[in-house]
Amino acid sequence: MSQTTPVTGSGSDAAGHAEKQGSVALYIWIGAILAVLTFVEVAVYLIDAFEAVEVPILIILSTVKLFLVVMYFMHLKMDHRALTWLFLSGVVLAVFMVSALVVLYHVLPRFA
Amino acid sequence: MAQAVAASAHDAHDPHATNTGVSNFKLGFWVFLASECLFFGTLISTYMVYKGSALEGPYPAELFDIIKTTISTTVLLFSSLAMVLALHYVHEARKNLAILWLFAVIAMGGTFLVMEYFSYIKYIGYGLTIGSSTFGSSYFVLTGTHKAHVAVGMIWMAILAWRLHKGKIPPSKSDQVEVAGLYWHFVDIIWIVIFTLVYLIP
Amino acid sequence: MSTATIEQAHAGHGAHTEPTGLWSWITTVDHKRIAIMYFLAATFFFFVGGVEALLIRIQLWNPEQAIFSAELYNQLFTMHGTTMVFLVAMPMAVAFFNYVVPLQIGARDVAFPRLNALSFWIFLFGGIYINLGWFIGAAPHASWVGYATLTSTAYSPGLNTDFWFIGLSIIGIASIAGGVNFITTIVNMRAPGMKMMRMPLFTWMTFVTSFLLITAIPVIAVALIFLGFDRTFGTVFFDPSMGGDPVLWQHLFWIFGHPEVYILILPSFGVISDIIPTFSKKPLFGYPIVVYAGILIGFIGWGVWSHHMFTTGLGPIADSFFVAATMIIAIPTGVKIFNWIATMWGGTIRFTTAMLFCIGLLAVFTVGGLSGIMHAAAPITLQQHDSYFVVAHFHYVIVGGAMMGLWAGLYYWFPKVTGRLLNETLGKWHFWTTMVGFNLTFFPMHFSGLYGMPRRIYTYSADLNVDLFNQLATIGAFIFGISALIMVWNLWHSARKGDTAGANPWEAATLEWSIPSPPHHYNFPELPVIRSREPLWNDGEREEVLAVTMLEPETEPVMPVPSYWPILLALSITVAWGLVMTGIWWVIVLGILPVFFCTLMWAFEPAFPEGH
């Protein structure tokens, strides 16, 4: 965007460019971990032995994947804290909303 | 930005263009992503509300092919990797590699869409339509919105690839690609959530 | 028109002559001009909604009369509510955000000026779109909350609800864009030394409100998509015969709707938090507490939505949770009221019109808050729901709270915008007719509501014996209408012939008063360094700031260039969405092409002139 033009330096990462930039190797590692986690999720889904703990495990695994993508691919870990707070506000509210509606519809006894 | 212009005009005591050091574009986009969390959150909430209560079939268990969906999910995950690499090469001013990896993003996004398109065809063949049940409505609108986001992302990447080719994106303007990357990764994250909640969780 | 006067005032400054003429306004990306346009549009819609209200009050003068048909009456109250919330209160607050926030934080514009312009035009076209139904006798008619299944094609077969859901979705885009813009501006573009905890309270409340906007509007956007798809493409989200739950609409609507009412009130709380200290000659009492209370209200406001749904049978556990949360949210609100009173305590009060509106707000909003706390108890709501008691409550908080705060802001900041003071005599007439008219209209409704008069119905039974209350309300409404006319007359008259105001007619403390009235188009020649919350009240700091802000620079800072892409993009978005009404998919897809084209042109157009 042309708005970024006057912000001199390389976009947001002017100073400390080198250390803030992840290496290619790091990214490939993260990618591999994500793929592995996906396969683990599917395994948990398919293997009946896990059925009792299936839901919590799946939620934890996806949360980890989400965390990895946000922190490393989206660079949030290395960026200014403000970005984390700004994004987190949306995530927290969204999680709250999904949970609240699930509780209202599936956990609480229905009277209507 | 207006503020940044100040830095070049008279303000000896204003070396930073922005308070955080992050460009307005990038910061604003993270704010937008926060709102997108709520947008998809509502779609997901609705799916979860109606989960398990469709009045008539076909039902998820009959339709979903987890293996195929795992493959398409993994393709999308790797497209995020491609995106990060594309950005990396933009930072290094190696524009041809950057363009290559952007094409990879587009290709993988396209593969995802094509695979999902075929599953849609299959489901419709089984009788699941947008209006056949609450499952049909919530499933198609949720995943359809996601796919529309993927499609928009692919167009965005194509435009960026073109601009890179024309030399309009030097490392100093890498924010343009970084922000597109944020969008793409976000769309990937949403799919991670959808994959778990829609396909995996009973 | 005030437009011409402002331009003349601007023309007196420095080398740059502010462009005049309609085209310069259509293509402007200047936050100050955009603010003025928002204000004028909101005022126009205020009269539209006001006429709708007066027609309602005429209908309700006597029981069992039908001057208007039931269907027309439904359209009147639906459009009154929709207009007042989305086309008046919100855009008027945005007008203030736009004009004042950059000036208060020492910025030359908002973060995304072209997005800002786009927001305005989208709002305007969306607002016009919703009202188009009037021209074919098919204005929206299912109330501003649009409950399913009343809004389904089965029960609303005509185009009425289509105008509603399409128009509102269009407007939603403007709000989200605005929220992103203001958050970015406030986080990223403050003058050196302006830490977050030194920002004026109005800017703080703008910040919190913007968060509420970007998080709440997407929820209703999706709900409207569901509704639209149900109506146009045959989905079954709210269709009970296919397993859909109409109550889900209520959940989604109110998950948006409750933060929405905080979106309505927080800006006004911010306004009076700046005005009361000025006219008490005392800094705001407990500044950090007022900030945290505002943040807390915004946050807790996300957890109370089902207090609008106590009669839907959610069950005692759910009800109890929402009762508790609703009662808790009264605490930070009450804290703010005590802080404002404490600010005035021991101060030197000047009873300007702006201050009168602030004090009026404190009194009137408290009444509204009290009836609100009554509603917080679910068993009481079972009797009050859908009665005029509720109508009384929300008018007290929205009109007595939100609108009076904005009118205070009008009298306070008008001099900064135009370089002239609003007439104080007319102002006091405005204030008192507002107080009399407003209270006469809405106080009786507490009684008619408790006596059982239902809302949203075109007439009422004579047996209820609420005729007197209705007649008082109708008289009050007309007096209130007169107050609006007085306001407009004051605006018109003062913009042309009002007393000249200098840079700081009120001897206020915050940064917007350190620059000329009206400001240069670039606001600040150089950015001052801020060292406290009240820069203009602290000796030493005041002189340093003014030395910088009142400069006439030899070379003026370069500002973003005007553009016609915002208006074109807004138009293409409106048309594209409007085509959804046809229900023909390829028509809709065709409509998207201009949007795509305009988006590219708008996005990639350089913001600054060549070489900058």
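This is a short tour of a predicted model, stop by stop, with something to select at each one.

**Stop 1: chain A alone**

Hide everything except chain A. Its secondary structure consists of four helices and zero strands. Read from the N terminus, the order of elements is α-α-α-α. Colour the chain by accessibility if your viewer allows it: of the 112 residues in chain A, 46% are buried. Now turn on the surface. The accessible surface of chain A is about 5,600 Å², and carbon and sulfur atoms account for 76% of that. Contacts can also be sorted by distance along the sequence. Among contacts in chain A with a separation of 6 or more, 53% join residues 24 or more positions apart.

**Stop 2: where chain B meets chain A**

Bring chain B back. How many residues of each chain are in contact here? The count is 56 residues of chain B and 56 residues of chain A. The size of an interface is often given as the accessible area lost when the parts come together. Between chain B and chain A this buried area is about 4,900 Å², with 78% of it from carbon and sulfur atoms. Select B:Trp30, B:Val49 and B:Leu200, the residues of chain B that lose the most area to chain A. Together they make up 13% of what the chain B side buries.

Next, look for charged partners across this interface. There is one salt bridge between chain B and chain A. To see it, select A:Asp79 and B:Lys26 and show their side chains; the closest N and O atoms are 3.1 Å apart. The interface also has five residue pairs in polar contact, counting pairs with both residues at pLDDT 80 or more.

Now colour three helices of chain B: H2 (24-50), H4 (66-91) and H7 (175-200). These are the elements that give two or more residues to the side of chain B that touches chain A. Which of them gives the largest share? Helix H2 of chain B does, with 15 residues. Sorted by type, the residues on this side of chain B are 34 nonpolar, 17 polar and five charged.

**Stop 3: B:Ala82**

Stay in chain B and select B:Ala82, which lies in helix H4. Is this residue buried or exposed? B:Ala82 counts as buried because its relative accessibility is 0%. To see some of what surrounds it, leave out residues up to four places away in sequence: B:Ala82 then touches B:Trp101, B:Ala104, B:Val105 and B:Met108. Put a distance label between the C-alpha atoms of B:Ala82 and B:Ala104. The label should give 6.3 Å, although the two residues are 22 residues apart along the chain.

**Stop 4: a cis bond in chain B**

Move to B:Pro58, in the loop between H2 and helix H3 (60-63) of chain B. The peptide bond from B:Gly57 to B:Pro58 is cis, and its omega is near 0°.

**Stop 5: where chain C meets chain A**

Hide chain B and show chain C. The contact with chain A takes 29 residues from chain C and 17 residues from chain A. About 1,900 Å² is buried between the two chains, 79% of it from carbon and sulfur atoms. Select C:Phe211, C:Trp302 and C:Trp305, which lose the most area to chain A on the chain C side and together give 20% of what that side buries.

This interface has zero salt bridges. It has two residue pairs in polar contact, with both residues at pLDDT 80 or more. The helices of chain C that give two or more residues to this side are H7 (201-233), H8 (246-280), H10 (316-344) and H18 (585-604). The largest share, five residues, comes from H8 of chain C. By type, the residues on this side of chain C are 21 nonpolar, five polar and three charged.

**Stop 6: backbone details in chain C**

Three loops finish the tour.

- Select C:Thr149, in the loop between helix H5 (113-132) and helix H6 (160-188) of chain C. A cis peptide bond joins C:Ala148 to C:Thr149, with omega about 5°.
- Select C:Lys281, in the loop between H8 and helix H9 (287-300) of chain C. C:Lys281 is not a glycine, yet its phi is positive, about 50°. With a relative accessible area of 42%, C:Lys281 is partly exposed.
- Select C:Glu507, in the loop between helix H15 (467-497) and helix H16 (541-549) of chain C. C:Glu507 is not a glycine either, and has a positive phi of about 55°. Its relative accessible area is 46%, so C:Glu507 is partly exposed.

Key
Residues numbered from 1 in each chain as written. Chains lettered and ligands numbered in written order. Predicted model: local features only at pLDDT ≥ 70, side-chain atom pairs only at ≥ 80, totals over all residues. Heavy atoms only, no water. Contact = heavy atoms within 4.5 Å. Buried area = accessible area lost by both parts, 1.4 Å probe. Salt bridge = Lys/Arg side-chain N within 4 Å of Asp/Glu carboxyl O. Polar contact = N/O pair within 3.5 Å; in protein donor to acceptor, adjacent residues only side chain to side chain. Nonpolar A, V, L, I, M, F, W, Y, C, P; charged D, E, K, R; others polar. Buried < 20%, exposed > 50% of the residue type's maximum accessible area, 1.4 Å probe, protein only. Areas by Shrake-Rupley, 256 points an atom, 1.4 Å probe, with all protein chains shown as cover.
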